[in-house]
Amino acid sequence: MRRALTILLVLALMAGFGFGVNRLIASRKHNIPTEASVFIPTATRPKIVLPGTLYLAQNGDIYRLSDGFFTDLHLKTTVGLWMQPAYVPNSQDVVAVLRAAEYSNLYLLNSQGAVVRQLSNNAWTRTNQIFRNHWMFYPHVGADGNTI
């Protein structure tokens, strides 16, 4: 009887210690930001305004940071998501990747976000033969502005 009471007491102490550790960890937990709580770039302003223009991609949209203000370029996202903008040297243009589920294409955009022209056509087929399609990643324009 004494052994059973000792085992029961040890089990109760273990359960109480486990519960106490669980509550301590839970009280130290921070909320992880969700997509709804992430700051919208157009609603923020940097403390230091630098000269020049910076292009950023977030959630399929491309933003331009110029004169301390973020501007959404409002590119069409019916086919896929815009990503990986790259500056074209000696111009105001940008190349960006439009990524669909089965392929991605490279586009030349002006500084206002209008599509100047499509630089690649990687959707060989619209059937279920995805292995024939191609994807573009991380475009980089050469110093001459003509080589990608």
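In the predicted model, strands β5 and β6 (residues 104–109) run antiparallel and are joined by six bridges. Within this pairing, A96 is positioned opposite Y107 of β6. The connection from β5 to β6 is a hairpin of four residues. Strand β5 itself spans residues 94–99, and five of its six residues are buried, which leaves the strand mostly covered.

Strand β5 also pairs with β4 (residues 81–87), again in the antiparallel sense, through five bridges. In this pairing L81 stands opposite R99 of β5. The hairpin of β4 and β5 has six residues between the strands, and N90 adopts a positive phi near 60° there.

Strands β4 and β6 are further linked through side chains. One aromatic pair is present in the structure. The ring centres of W82 and Y107 are separated by 5.4 Å and the ring planes meet at 65°; because planes over 60 degrees apart count as edge-to-face, the pair is assigned to that class. W82 belongs to strand β4 and Y107 to strand β6, so the contact ties together parts that lie 25 residues apart in sequence. Both W82 and Y107 are buried. Y107 thus has two roles in the description: the residue opposite A96 in the β5 and β6 pairing, and a member of the aromatic pair.

A further set of strands is found earlier in the chain. An open sheet is formed by three strands in the order β1-β2-β3, with antiparallel pairing. Strands β1 (53–58) and β3 (69–72) occupy the edges; each has a single partner strand, and therefore one side of each is without a neighbour in the sheet. From one strand to the next, the twist averages 30°. Four bridges connect β2 (residues 61–66) with β3, and the sense is antiparallel. S66 is located opposite F69 in β3. In general, the strands of a sheet pair through backbone hydrogen bonds, in either a parallel or an antiparallel arrangement.

Outside the strands, a nonpolar patch of about 370 Å² is found on the surface, made by I7, V10, L11 and M14. Of these residues, L11 lies in helix α1, which covers residues 2–27. The relative accessibility of L11 is 48%, so L11 counts as partly exposed; the class applies because this value falls between the limits of 20% for buried and 50% for exposed residues. W82 and Y107, by contrast, are both buried.

Note on methods
Residues numbered from 1 in each chain as written. Predicted model: local features only at pLDDT ≥ 70, side-chain atom pairs only at ≥ 80, totals over all residues. Heavy atoms only, no water. Pairing = 2+ DSSP bridges. Axes fitted to C-alpha atoms, helices over the stretch in contact; angles between N-to-C directions. Patch = residues over 30% accessible without salt bridge, like charges linked within 9 Å, V, L, I, M, F, W, Y side chains within 5 Å. Areas by Shrake-Rupley, 256 points an atom, 1.4 Å probe, with all protein chains shown as cover. Salt bridge = Lys/Arg side-chain N within 4 Å of Asp/Glu carboxyl O. Buried < 20%, exposed > 50% of the residue type's maximum accessible area, 1.4 Å probe, protein only. Phe/Tyr/Trp six-rings, centres within 6.5 Å; stacked < 30°, edge-to-face > 60°.
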